[in-house]
Amino acid sequence: METSYSYTTVSVDADGTSLISVSLYPDGRMSMTCPTDGNRAQFSISHAQARVTIAPTNPTAPTAADVATARRLAELFGRYVAEVERLHALNSASTRRDSAA
């Protein structure tokens with residue numbers, strides 16, 4: 001059985017440079033919201049104790065650059081969906097072959 005989880009890592013180099021990484025490996029308990037009836041643009045993901053919000057620098061007055069960034073995110077999320085679907089189909093076909101043998 002696979003287990004979902006989320007974690008955050010923080011690395012600090014000797015010169016003080018830091019890197020923060022958040023990884024989400026979600027299940028059906030992940031919450032995603034993208035309200036469209038208010039006066040601000042934002043997308044939020046919550047899973048376990050991890051929270052991620054994506055929004056323009058000024059969520060109530062996005063710029064043309066913000067629109068371009070949002071379109072790029074949509075393109076990459078579309079690729080992610082296609083890749084998950086492809087791998088799911090590949091693994092499902094493999095599982096069916098293994099159970100038929």
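The following paragraphs describe the pockets, a nonpolar surface patch and the salt bridges of this predicted model.

The largest pocket has a volume of about 400 Å³. It is lined by 18 residues, of which Ala 41, Ile 54, Pro 56, Ala 70 and Leu 73 are the closest to its centre. Helix α1, spanning residues 64-100, contributes the most to this lining, with seven residues. In terms of residue class, 13 of the lining residues are nonpolar, three are polar and two are charged.

The second largest pocket has a volume of about 190 Å³. Its lining consists of Leu 24, Pro 26, Met 30, Met 32, Phe 43, Ile 45, Phe 77 and Tyr 80. Strand β4 (43-47) and helix α1 each provide at least two of these residues. The class composition of this lining is eight nonpolar residues, with no polar and no charged ones.

Helix α1 also figures in the description of the surface. A nonpolar patch is formed there by Ile 54, Leu 73, Phe 77, Tyr 80, Val 81 and Val 84, which together have about 500 Å² of accessible area. Five residues of the patch, its largest share, come from α1. One residue of that helix is Leu 73, which counts as partly exposed because its relative accessibility is 31%. Leu 73 is also among the residues closest to the centre of the largest pocket.

A further leucine, Leu 19, is located in strand β2, which covers residues 18-25. Leu 19 has a relative accessible area of 52% and is therefore exposed. Its C-alpha atom is separated by 21 Å from that of Thr 57, a residue 38 positions apart from Leu 19 along the chain.

Attention now turns to charged side chains. Side chains of opposite charge can pair when their charged atoms come close. The whole structure contains four salt bridges. In one of them, Asp 27 pairs with Arg 29, with 2.6 Å between the closest N and O atoms. Asp 27 is partly exposed, at a relative accessible area of 28%, whereas Arg 29 is exposed, at 64%.

Helix α1 holds a network of salt bridges that links Arg 72, Glu 75 and Arg 79. Between Glu 75 and Arg 72, the closest N and O atoms are 3.0 Å apart; these two residues are three positions apart in the helix, so about one helical turn separates them. The salt bridge between Arg 79 and Glu 75 has an N to O distance of 2.6 Å, and because this pair is four residues apart in α1, about one helical turn again lies between them. Glu 75 is partly exposed, with a relative accessible area of 37%, and Arg 72 likewise counts as partly exposed, at 40% relative accessibility.

Methods: Residues numbered from 1 in each chain as written. Predicted model: local features only at pLDDT ≥ 70, side-chain atom pairs only at ≥ 80, totals over all residues. Heavy atoms only, no water. 1 Å grid on protein atoms, 1.4 Å probe; cavity = no way out; pocket = protein on both sides within 12 Å on 5 of 7 lines; lining within 4 Å. Points joined across faces, edges and corners; volume = space filled by probe spheres on them. Nonpolar A, V, L, I, M, F, W, Y, C, P; charged D, E, K, R; others polar. Patch = residues over 30% accessible without salt bridge, like charges linked within 9 Å, V, L, I, M, F, W, Y side chains within 5 Å. Areas by Shrake-Rupley, 256 points an atom, 1.4 Å probe, with all protein chains shown as cover. Salt bridge = Lys/Arg side-chain N within 4 Å of Asp/Glu carboxyl O. Buried < 20%, exposed > 50% of the residue type's maximum accessible area, 1.4 Å probe, protein only.
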